[in-house]
Amino acid sequence: DRFLLHRLSILTEETRRAYTEFRYRDAIRHVVDFCNLDLSSFYLDACKDKLYTLAVDAPERRAAQTVMHACLETLISLTAPVLSFTAEEAWAELRRMHGELGSSRKLPESVFLSLIPAPQARWRDAALAERWGVLQSVRAAVLKGIEAQRNAKALRSSLEAKVLVKGDGPERKVLEPLRERLAEIFMVSQVEFAPGGGSFEVAVEAAAGVKKCGRCWRWLSDVGADVGHPELCARCVKQLASA
């Protein structure tokens with residue numbers, strides 16, 4: 001979530017500068033690249049699990065919704081000079097949503113009565129971006145491995161996969177503190193770390209000794225551990241209990 005806000009701040013700065021210098025094609029190219037590379041190919045995919053399976057008020061879910069709202073409002077403003085009618089319709093819907101939710105923050109009646117937001121310096125984090133650069137490189141290798149397994153008919157979906165992290169290197173140092181989040185980031189069911197030694201690599205294979213959770217669709221060893229919910233994993237049982 002924090003990395004996406006970092007990227008959103010950079011997008012805002014680059015797009016505002018392009019508009020100021022009358023480089024309209026560059027301005028929209030920045031927006032298109034952000035939507036394709038940062039949102040569609042990465043963030044929205046990584047957020048699917050927590051948005052669909054966590055409890056409504058789960059902090060992780062609310063954090064993702066907060067970031068998505070920031071992206072939505074910023075993107076509407078950034079595209080308004082070029083996609084005028086679409087931006088105005090989207091802005092009207094955003095205002096309607098604010099009203100339904102009882103938000104105390106009142107948006108201007110029209111997107112053209114608002115200001116393009118300024119880049120948020122507090123969202124910028126160069127060290128965080130560097131770590132996520134490494135993580136995205138590893139994620140690309142994982143996705144490539146998943147695609148190879150799907151082509152070989154060993155997997156039907158990424159959630160049937162297990163990722164095994166092998167060897168040492170700077171990549172492993174970045175991954176280890178995120179052990180509990182890697183399955184979500186890689187869109188797989190399991191991530192395991194082999195003992196260190198040798199060059200760093202990630203291997204993709206079918207998850208073994210597990211069952212598919214009927215709610216989150218992950219293949220996990222604790223599915224059915226709760227006799228009251230024989231088709232669910234422990235995490236989903238916990239989320240239902242807190243709903």
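Is tryptophan 217 buried or exposed? In this predicted model, tryptophan 217 is exposed, with a relative accessible area of 51%. Let's start with this residue and then move on to the charged pairs.

**Two residues with a positive phi**

Tryptophan 217 sits in the loop between β4 (211-212) and β5 (219-220). Its backbone deserves a look too: tryptophan 217 has a positive phi of about 70 degrees, although it is not a glycine. Why point this out? Most residues other than glycine have a negative phi.

Phenylalanine 22 also has a positive phi, near 60 degrees, and is likewise a residue other than glycine. You can find phenylalanine 22 in the loop between α1 and α2 (24-53). Phenylalanine 22 is exposed, and its relative accessible area is 61%.

**Salt bridges**

Now for the charged side chains. Side chains of opposite charge can pair when their charged atoms come close. The structure holds 22 salt bridges, and the table shows three of them, including the pair of arginine 2 and aspartate 125.

| Arginine | Acidic partner | N to O distance |
|---|---|---|
| arginine 2 | aspartate 125 | 3.7 Å |
| arginine 105 | glutamate 73 | 2.5 Å |
| arginine 96 | glutamate 100 | 2.3 Å |

Take the pair of arginine 2 and aspartate 125, whose side chains meet in a salt bridge. Arginine 2 lies in helix α1 (residues 2-20) and aspartate 125 in the loop between α4 (84-100) and α5 (126-151), so this salt bridge ties together parts that are 123 residues apart in sequence. Arginine 2 counts as exposed at 52% relative accessibility, while aspartate 125 is partly exposed at 26%.

Next come glutamate 73 and arginine 105, whose side chains also meet in a salt bridge. This pair links distant parts of the chain: glutamate 73 belongs to helix α3 (residues 59-79), arginine 105 to the loop between α4 and α5, and they are 32 residues apart. Is glutamate 73 buried or exposed? With a relative accessible area of 15%, glutamate 73 is buried, because the cut-off for buried is under 20%. Arginine 105 counts as partly exposed, at 43% relative accessibility.

How far apart in helix α4 are arginine 96 and glutamate 100? They are four residues apart, so about one helical turn separates them. Arginine 96 is partly exposed, with a relative accessible area of 37%, and glutamate 100 counts as exposed at 61% relative accessibility.

Salt bridges can share partners as well: in this way Asp1, Lys50, Arg181 and Glu184 are joined into one network.

Definitions and conventions: Residues numbered from 1 in each chain as written. Predicted model: local features only at pLDDT ≥ 70, side-chain atom pairs only at ≥ 80, totals over all residues. Heavy atoms only, no water. Salt bridge = Lys/Arg side-chain N within 4 Å of Asp/Glu carboxyl O. Buried < 20%, exposed > 50% of the residue type's maximum accessible area, 1.4 Å probe, protein only.
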